[in-house]
Amino acid sequence: MKGRIDNKLGMIQIDPEVIAMYAGTTAVECFGIVGMAAVSVKQGLVRLLKRDSLTQGINVSIQDNEISIDFHVIVSYGVSIEAVTNNLVENVRYKVEELTGMKVVRITTYVEGVRVID
């Protein structure tokens, strides 16, 4: 479902794919996030997505102009997963709410792997 904002001049609709791309770009800028992960449930495989495929590791749903976001991420080795994910949640919530004017009610982060960064 698309997000919808009504104003005095008309209506604005925001596709969840746009929000997913913005949220993904914001997420990979956070310290400790290596990237988004694509998970193959059938084979149990996790792979790191390239920057042009960020939205595959993100699921955005919009219900009554409230946004819920699920992230599948890979974090850097040796960092506090709790600190990294808390930072991700706060940054994404702030920036997505600022961009869309809609409330982010839930952000769920699934840590799918850990990678050593050179």
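**Notebook: salt bridges, a hairpin and a nonpolar patch**

I looked up Asp70 and found that it forms a salt bridge with Arg106, with 2.9 Å between the closest N and O atoms. The pair links distant parts of the chain, since Asp70 belongs to strand 6 (residues 66-76) and Arg106 to strand 7 (residues 103-115), 36 residues apart. I note that the model is predicted.

I then checked the accessibility of both partners. Asp70 has a relative accessible area of 14% and is buried, because the cut-off for that class is under 20%. Arg106, at 36%, is partly exposed.

I counted the salt bridges in the structure and obtained 2. Besides the pair described above, I recorded Glu90 with Arg93, whose closest N and O atoms are 3.9 Å apart. This distance qualifies because the criterion is a separation within 4 Å. Glu90 and Arg93 both lie in helix 2 (residues 81-100), with a spacing of 3 residues, about one turn of the helix. I find Glu90 partly exposed at a relative accessible area of 48%. Arg93 is likewise partly exposed, at 24%.

Next I turned to strand 5 (residues 58-63). Which of its side chains are buried, and which are not? I see an alternating pattern: Ile58, Val60 and Ile62 point to one face and are buried. Asn59, Ser61 and Gln63 point to the other face and are not buried. I set beside this the general rule that side chains in a regular strand alternate between the two faces of the sheet.

I followed strand 5 to its partner. Strand 5 and strand 6 run antiparallel and are joined by 6 bridges. Gln63, one of the side chains of strand 5 that are not buried, stands opposite Glu66 in strand 6. The two strands form a hairpin with 2 residues between them. In that turn I noted Asp64, whose phi is positive, about 55 degrees. Strand 6 also holds Asp70, the residue bridged to Arg106 in strand 7.

Finally, I looked for nonpolar surface. Which residues make the nonpolar surface patch of about 480 Å²? I list Tyr77, Ile81, Val111, Val114 and Val116. Ile81 is found in helix 2, the helix that contains Glu90 and Arg93. I record Ile81 as partly exposed, with a relative accessibility of 38%. Ile81 can therefore be counted in a patch, as the threshold there is over 30% relative accessible area.

How values were computed
Residues are numbered from 1 along each chain as its sequence is written. This is a predicted model: local features need pLDDT of at least 70, side-chain atom pairs count only at pLDDT 80 or more; totals for chains, interfaces and linings use all residues. Side-chain values use heavy atoms; hydrogens and water are left out. A salt bridge is a side-chain nitrogen of Lys or Arg within 4 Å of a carboxyl oxygen of Asp or Glu. Helices (H or I, at least four residues) and strands (E, at least two) are DSSP runs, numbered from the N terminus. Buried means under 20% relative accessible area, exposed over 50%, partly exposed in between (1.4 Å probe, protein chains only). Two strands pair if DSSP finds at least two bridges between them. Patches are made of residues with over 30% relative accessible area and no salt bridge: like charges are joined within 9 Å, nonpolar side chains (Val, Leu, Ile, Met, Phe, Trp, Tyr) within 5 Å. Accessible areas come from the Shrake-Rupley method with a 1.4 Å probe; for residues, only the protein chains shown count as cover.
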